[in-house]
Amino acid sequence: MSLFNINEHQHIRYNPLKGEWILVSPHRMLRPWSGQVEPDPTNQQQIPDHDPTNPLCPGVTRASGIVTPNYQSTFVFTNDFPALLEDGPSPDTDPSADPLFKMAAAKGTCRVMCFHPKTNKQIPTMDLNDIQNIIKEWISQLKELGAKYNWVQIFENKGAIMGCSNPHPHCQIWASSFMPNEPRIKDQYLKQYYCEHGRQLLMDYVEKEIQKQERVVCENTEWIVVVPFWAIWPFETMVLPKKQVQRFTDLTDVQQCELAKIMKEICSKYDNLFKCSFPYSMGWHGAPTGPTYSTQNMQHWTFHGMYYPPLLRSATIKKFMVGYEMLANSQRDLTPEKAAIMLRQQSSIHYTL
Ligand code: H2U
């Protein structure tokens with residue numbers, strides 16, 4: 001029997017942030033595809049810079065009847081259809097309640113943040129100054145909402161394939177009184193690693209990925225982008241700091257400036273890969289906030305970002321997370337190492353520029 005080759009032979013890999021395994025099946029890459037083909041993602045060049053019917057555009061009336069002002073940079077408003085409200089009655093949290101029917105209070109707020117006044121601008125085609133303004137607004141939102149809420153989730157759904165209902169460049173910010181599942185589980189694994197090793201899991205990970213250079217997509221003086229060893233989505237990436245930082249709100253001016261550059265770079269590479277406006281869901285995780293966590297020791301946390309793109313092998317073929325993934329285990333064909341090479345080889349300059 002031949003020797004094990006990570007890019008050829010099936011194996012399972014461990015995600016130390018979740019305690020989950022993923023099945024990697026590189027030999028399956030030649031599988032023919034006669035399944036669903038998605039519509040071609042909209043090319044940003046076909047979108048006008050202003051749409052008088054789009055409520056996220058300056059000067060247009062939103063569902064609430066409020067007119068979106070003539071903003072010049074970023075603009076944040078409370079979502080007219082929020083999943084979380086600041087007030088309202090809460091369920092009984094009697095500890096003797098039936099363990100099979102547990103409930104707890106959920107309070108919060110949901111905001112929409114427009115990135116830019118022009119609808120046809122996305123991160124890879126924006127000026128660095130515009131991206132820095134977005135980062136500054138994210139920090140300001142986190143400062144404000146983090147004073148009250150235990151978790152503030154910034155996320156961007158990009159492209160209709162990711163459920164994004166509006167082509168205007170924007171993200172959402174959901175702040176909650178409770179810790180959502182993903183960061184709650186991550187917190188446990190980061191803490192356990194810190195207790196066992198006395199070091200941050202993600203800083204150890206960064207150091208090893210820099211040494212190995214197998215999954216690095218791009219890097220600059222402050223940041224590194226890798227396809228994580230345990231990636232589930234074909235072109236999933238993580239944005240990690242080279243120096244330990246717990247929260248978004250702790251970033252220095254230099255780190256913010258370099259973050260803008262690396263965001264533009266990874267998003268340009270994504271778009272260049274299939275020559276389309278690359279869809280994804282992305283967001284940021286840092287140490288939890290609010291009255292419960294701000295006073296606790298959160299040394300185990302390292303601030304980082306995640307990009308989860310759904311595309312598999314072209315602009316119109318996406319990965320389905322179905323049967324085996326839903327019932328047994330996440331699975332991928334393309335290895336993270338090969339995905340990293342494909343992204344690394346892309347130009348850092350956007351194909352439309
Ligand atoms: P998504 O495309 O990612 O769903 O974001 C658009 C958000 O904007 C969506 O959550 C909100 C929607 O509720 N929105 C308003 O709050 N007011 C409007 O007038 C239109 C859209």
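Two strands count as paired if DSSP finds at least two bridges between them. The model used in these exercises is predicted.

**Exercise 1. Work out the strand order of the open sheet, and find which strands stand at its edges.**

Solution.
- Step 1. The open sheet has 3 strands, and their order is 1-2-14.
- Step 2. Strand 1 (11-15) and strand 14 (330-332) each have a single partner strand, so they stand at the edges. One side of each is left without a neighbour in the sheet.
- Step 3. Neighbouring strands here are turned by 30 degrees against each other on average, with direction ignored.

**Exercise 2. Show that strands 2 and 14 meet the pairing criterion, and give their relative direction.**

Solution.
- Step 1. The criterion asks for at least two bridges.
- Step 2. Strand 2 (residues 20-24) is joined to strand 14 by 3 bridges. The criterion is met.
- Step 3. The two strands run parallel. In the sheet as a whole, the pairing is mixed.
- Step 4. Take one bridge: I22 has S330 in strand 14 as its partner.

**Exercise 3. Describe the surroundings of the ligand, from its shell to its polar contacts.**

Solution.
- Step 1. The shell holds 13 residues; A63, N79, D80, S165 and H170 are the closest.
- Step 2. Sort the shell by class: 6 nonpolar, 5 polar and 2 charged.
- Step 3. Apply the 3.5 Å cut-off for N or O pairs. The side chain of N79 places an N or O atom 2.7 Å from a ligand oxygen. For the side chain of Q172, the distance from such an atom to a ligand oxygen is 3.0 Å. S165 uses a backbone N or O atom, 2.6 Å from an oxygen of the ligand.
- Step 4. Check the burial: the ligand alone exposes 470 Å², and the protein buries 86% of that.

Note on methods. Residues numbered from 1 in each chain as written. Predicted model: local features only at pLDDT ≥ 70, side-chain atom pairs only at ≥ 80, totals over all residues. Heavy atoms only, no water. Helix = DSSP H or I, 4+ residues; strand = E, 2+ residues; numbered from the N terminus. Axes fitted to C-alpha atoms, helices over the stretch in contact; angles between N-to-C directions. Near = heavy atom within 4 Å. Polar contact = N/O pair within 3.5 Å; in protein donor to acceptor, adjacent residues only side chain to side chain. Areas by Shrake-Rupley, 256 points an atom, 1.4 Å probe, with all protein chains shown as cover. Nonpolar A, V, L, I, M, F, W, Y, C, P; charged D, E, K, R; others polar.
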